[in-house]
Amino acid sequence: LSVRAATPDPLRWWNQFPTPLRNVTRLRFLASIGAGGVMFMTPLIFHAIDFSAREVGSGLAVSALIGTVVRLLSGALLDRGIRCSWPIRGTTLLAIAADLILLQADNYNSYLIGQLLLGCAAGLYWPAIELAVPLSCGNLPSGRGYALVRSADALGIGIGTLIGTVAATLGTLRTVYSVEAVCMGTVLVLISLHPLQDGPPYRNLSSNRPESVGQRPTSRLPWLLPLLPVLVISVVATGILALQQSALPLDLVRGGLMRPALSESHSSALIALQLTLLVSLQWPVGRWLSERSVAFGLGLSLAGFSVGCGLIALSSLFESGTALVLAALLPMAFAQAAFLPTATEAVIEETPPEHRGLAMALFSQCFAISAIVAPLAGGALLDLQNNGLLLWLLMGGACLIVLPTLRTLKPRYRATAMEATELLKVPEAAARADGVVGSGSRERMTPQ
């Protein structure tokens, strides 16, 4: 019996998480399988039918532009009490329509319509699915919840990209759109059977928040100010993630100053390798960082992105530069594994509960802004210089520039109902004396 008890049990590990959180994780895993192939293979699909880098980038940018508007709408509706399940249902229908169009698109107009629908789908999806995590954590710290769902995201994207790589090898790249349509249909069925968690865990947090004696209600905007450093860092980090999806595949198939061009299948294989590393690193890195401050995690992420971008830039200068691209995959995967759960947790810690729907929408806007600017700028630089040397140097430098903003980050609010209950156990007089404000996790709870 003791030997059996000591044996690792994947099912027991999975069952330690609350049922609502497991439901969110399943949905994100399925959505990521579909999105993984579409995100990374779309540039290669339309490059193969003679779209320029600027045309590919402009379609991705338009998708992100419409997504910015829809994200704000989704966040505002969530703060007004709409259930998280409804935006996800809308996402599935829009994504399926987009996939059917892109599956047959052979001109820029069809490509653009498909990208517009995908942008609307992403705009509805991200604020709702991110806010669903702390709502579903129960007694689990939200940092661990985000580490779990980001691991599911990474695994799903890795599987989706692997499917795309196999499709590229077989010469049937557009299979990725069929895969996404099937995944989204499955998400729609599952969320209809098991709607996402909503209600008291989120709505009661604002009423439980301790206030300092004599504190007066503030206007609506000051809550946003502590969040600005997180948003600035997120724009830079998500810009690099957007370039990995748009500019990096094109940079690899075009070649550098000295680095030889890679075939589409080899380029897809490199991207799949990076995602395999991300899948391997996401849970251990996310779990480790969930016990540390968000400033520490974001600092490690920026450092990893800077090193990775530097190596990709240098690869353009050598005939054997592909080896440097391979070397860059590890720090880039580590940086992404550190950034995704930590930045989301930082948004929770820096935002009062009654504004978290809009805060998640603004955080999601960072992805949208980067998806607008990065593909356009990256495509223009690639067309202008025929290599990615300057592009990757600029992104590596941007990571170093925003590092000092980490000094302003500190936990201001708790993330889950459990933490709210624990704070209420503190005697009121002691709370007034110490001026305690709950953080997003018990390990980070500090006097303000």
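Which residues is A371 in contact with, leaving aside its neighbours within four places in sequence? Keep that in mind while we set up the view.

**Before you start**

This is a predicted model, in which local features need pLDDT of at least 70, side-chain atom pairs count only at pLDDT 80 or more, and totals for chains, interfaces and linings use all residues. Residues are numbered from 1 along each chain as its sequence is written, and side-chain values use heavy atoms, with hydrogens and water left out.

Colour by secondary structure to begin. The protein has 19 helices and zero strands; helices (H or I, at least four residues) and strands (E, at least two) are DSSP runs, numbered from the N terminus. Of the 448 residues, 54% are buried, where buried means under 20% relative accessible area, exposed over 50%, and partly exposed in between (1.4 Å probe, protein chains only). Among contacts with a separation of 6 or more, 85% join residues 24 or more positions apart; contact means heavy atoms within 4.5 Å.

**Stop 1: A371 and helix α16**

Now select A371, which sits in helix α16. Leaving aside neighbours within four places in sequence, A371 is in contact with L60, A61, A64 and A242. Add S63 to the selection: 308 residues separate A371 and S63 along the chain, yet their C-alpha atoms are 8.1 Å apart.

Extend the selection to the whole of α16, residues 356-385. Its 30 residues should span 44 Å at 1.5 Å a residue, and the end C-alpha atoms are 42 Å apart, which agrees. The expected span here is 1.5 Å times one less than the number of residues. Step off the end to N386, just after α16, in the loop between α16 and α17 (389-402). The phi of N386 is near 60 degrees, a positive value in a residue other than glycine.

**Stop 2: helix α4 and the loop before it**

Select α4 (53-79). Its 27 residues should span 39 Å at 1.5 Å a residue, and the end C-alpha atoms are 39 Å apart, so the two agree. After α4 comes G81, with a positive phi near 110 degrees.

Go back to D50, in the loop between α3 (19-47) and α4. D50 is not a glycine, but its phi is positive, near 70 degrees. Is D50 buried or exposed? D50 counts as exposed because its relative accessibility is 71%.

**Stop 3: helix α11 and S246**

Next, select residues 228-245, helix α11. This helix has 18 residues and reaches 26 Å from its first C-alpha to its last, close to the 26 Å expected. Show the surface and you will find α11 mostly covered, with 14 of its 18 residues buried.

Continue to S246, in the loop between α11 and α12 (247-254). S246 has a relative accessible area of 7%, so it is buried. Leaving aside neighbours within four places in sequence, S246 is in contact with P43, L60 and P375. Draw a distance from the S246 side chain to the backbone oxygen of A242: a polar atom of that side chain lies 3.0 Å away.

**Stop 4: the cavities**

Turn on cavity display. There are three cavities of 30 Å³ or more. On a 1 Å grid over the protein atoms alone, a cavity is a set of points where a 1.4 Å probe fits but cannot get out, and lining residues have an atom within 4 Å of a point. Grid points are joined across faces, edges and corners, and a volume is the space filled by probe spheres set on the points.

The largest cavity has a volume of about 1,000 Å³. To centre on it, select A35, M39, A122, W126 and Q245, which lie nearest its centre among 45 lining residues. By class, this lining has 26 nonpolar, 13 polar and six charged residues. Ala, Val, Leu, Ile, Met, Phe, Trp, Tyr, Cys and Pro count as nonpolar, Asp, Glu, Lys and Arg as charged, and the others, Gly among them, as polar.

The second largest cavity has a volume of about 60 Å³. Of its 10 lining residues, G143, S290, P341, T342 and E345 are the closest to its centre. Helices α7 (142-170), α13 (264-289) and α15 (321-350) each give two or more residues to this lining, and the largest share, three residues, comes from α15.

**Last stop: L170**

Finish on helix α7 with L170. L170 counts as exposed, at 63% relative accessibility. Select S265 as well: L170 and S265 are 95 residues apart in sequence and 9.3 Å apart in space, C-alpha to C-alpha.

Notes:
1 Å grid on protein atoms, 1.4 Å probe; cavity = no way out; pocket = protein on both sides within 12 Å on 5 of 7 lines; lining within 4 Å. Polar contact = N/O pair within 3.5 Å; in protein donor to acceptor, adjacent residues only side chain to side chain.
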